[in-house]
Amino acid sequence: MIKRKRSRRSSGSSSLARPLAVLVLLIALCAGAWWFLNGNTEKKADEEMTRIDSVQDNGVDADYTGPASELQDAVETWLKAQHASVTVLKTENREENRRATGGKIRWTTKQVEVVPDKEFSRTSLERELAKSGGKAVLYQVDTKKAGSSTITEYDIALFDMLDKEQVYLVVTKLYVTEPGAAKETQEAVKKAVLNAKDKDLASVKEKKSTAGQQHPSEVRGRLAIVIDDCGSSLDILNQFNAMPIPLTYAVMPYKSHTAESADSGYRAGRQIFVHMPMQPQGVPSSESVYIGTDMSDSKVKATANEILDQVPHAIGMNNHQGSLATSDSRIMKDVMQVMNSRGLAYLDSRTNSTSVGEQTARAMGVVTSRNNLFIDNDASVDAVKSRLRQAGQIARENGSAIVIGHCRWNTAQAISEMIDELHNEGIDLVFATDLME
């Protein structure tokens, strides 16, 4: 009897154990399948991102439609791996003139609605794009309204050096809603995108035409004027915007009008640089965020990227202060790695004669040059005009010169009053990158 009872107990336990084992096995198989599919999707996105092709260049036309399609596919694969809902709203064929050959530059742009299942991570997106080896960059981030909802637009661009110029082609525009957005919000996004007027954000290196711009009948020298410290006053900036000459704006990060100044200058046909705060010699930095010599290599790079992200449309940077940091070869190598990876130019402001910025940039393949003269250390209008005459003389003697002024009323007045005189002396006013190599 005892044996029989034990046998029944054992039989009952076995009958319970078998379905439990099957259940555990099914759960394990499902988990394994989920991991396999999700892991494979992530791996596929990474592989697609690293295999973006090169431009098809026949010597006249540059065709980026292939690389554009590959980057678009890689981004969509990555989004799906993040469990986001992805809807392609519009695909457009784009082209612009290729000045160097008289041909065309061609590519495509996709506009994509993204509904994430959790908070969308810009950092994760940038980390994924970095796997392209510099071919794909986050060009601009903007907040927009779609009906009563707020969405974030992420513009993703192909980057290339074409005809010795930096070219950014926006190939994917992501319109990201709040996680799990309602259908009404999704419909509002679609309506806003499909009804929007076409805006071509193709090449930030393209020279914009400046209304009324004149050139000397005989060019005896070329002069680039960089305006530092933009970002705090739109009123003063508008004085510079109104001038019919090419100007390069160095925009300060973390100021009250940082993004607005960059946008305003870009719309006025200016080149936009980031005015990168760096550690000065012997005095505290005037900025709360800056690149310092006590930072680790990884901290320098992270800070440089953070500051660069503050300024939309930027195609280069020059240093703000930085007499100590720019003389430190380790720091400048770290900074130039960031500049190289993002395809940006570097202008050495030369706040210190011991700066190694320009030579480090050149050694690391970054488009570069140096400041030849500060034109408004003495801020009076007459003093600035005198320095501009000196700048013109340097340009005539050396063929070119780059000078730096600041976003001030007197500097704006002096430059405005000197345009005709400079032209009469054979000085052609150009953008800073026209004099960099």
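# Close-up views of a predicted protein model

The protein chain exposes about 20900 Å², and carbon and sulfur atoms supply 48% of this area; accessible areas come from the Shrake-Rupley method with a 1.4 Å probe, and for residues only the protein chains shown count as cover. This is a predicted model, in which local features need pLDDT of at least 70 and side-chain atom pairs count only at pLDDT 80 or more, while totals for chains, interfaces and linings use all residues. Residues are numbered from 1 along each chain as its sequence is written, and side-chain values use heavy atoms, with hydrogens and water left out.

**Figure 1. The protein chain as a whole.** The secondary structure comes to 11 helices and 16 strands. Helices (H or I, at least four residues) and strands (E, at least two) are DSSP runs, numbered from the N terminus. Of the 437 residues in the protein chain, 48% are buried. Buried means under 20% relative accessible area, exposed means over 50%, and partly exposed lies in between (1.4 Å probe, protein chains only). Among the contacts in the protein chain with a separation of 6 or more, 71% involve residues 24 or more positions apart; contact means heavy atoms within 4.5 Å.

**Figure 2. Helix H4 and its two faces.** Helix H4 comprises the 13 residues 183–195, and its end C-alpha atoms are 18 Å apart, in agreement with the 18 Å that it should span at 1.5 Å a residue. The expected span of a helix is 1.5 Å times one less than its number of residues. Thr185, Ala188, Val189 and Val193 are the buried residues of H4. Seen down the axis of H4, these buried residues fall within an arc of 125°, so they line one face of the helix. The arc is that of the directions from the helix axis to the C-beta atoms. The exposed residues Lys183, Glu184, Lys191 and Asn195 are carried on the face of H4 turned away from its buried side.

**Figure 3. Helix H5 and the elements around its buried residues.** In helix H5 (residues 234–241), the buried residues are Ile236, Leu237, Phe240 and Asn241. These residues cover an arc of only 150° around the axis, which puts them on the same side of H5. The buried residues of H5 pack against three strands or helices named here among others: strand S8 (221–230), strand S9 (248–251) and helix H6 (258–267). Strand S15 (400–406) and helix H11 (409–424) also pack against the buried residues of H5.

**Figure 4. A cluster of aromatic rings.** A pair of aromatic rings is described by the distance of the centres and the angle of the planes. Rings of Phe, Tyr and Trp (its six-membered ring) pair if their centres lie within 6.5 Å; planes under 30 degrees apart count as stacked, over 60 as edge-to-face and the rest as tilted. A search of the whole structure finds 2 aromatic pairs. The rings of Trp78 and Phe120 have centres 6.2 Å apart and planes at 90°, so this pair is edge-to-face. Trp78 lies in helix H2 (residues 65–81) and Phe120 in the loop between strand S4 (103–115) and helix H3 (122–129), so that the pair links parts of the chain 42 residues apart. Phe120 and Tyr154 form a tilted pair, with 5.0 Å centre to centre and 50° between the planes. Tyr154 belongs to strand S6 (residues 149–162), 34 residues from Phe120. Ring pairs thus link Trp78, Phe120 and Tyr154 into a cluster. Trp78 is buried, Phe120 counts as buried at 17% relative accessibility, and Tyr154 is buried with a relative accessible area of 7%.**Figure 5. Two cysteines outside any disulfide.** A disulfide is a pair of cysteine sulfur atoms within 2.5 Å, and the structure holds 0 disulfides. For Cys230, the nearest cysteine sulfur is that of Cys407, 4.3 Å away. Cys230 counts as buried at 0% relative accessibility, and Cys407 counts as buried at 12%.

**Figure 6. Val338 and its contacts.** Val338 is found in helix H8 (residues 329–342) and is buried, with a relative accessible area of 4%. Leaving aside neighbours within four places in sequence, Val338 is in contact with Lys301, Ala304, Asn305 and Leu308. The C-alpha atoms of Val338 and Asn305 are separated by 7.0 Å, although these residues are 33 residues apart along the chain.
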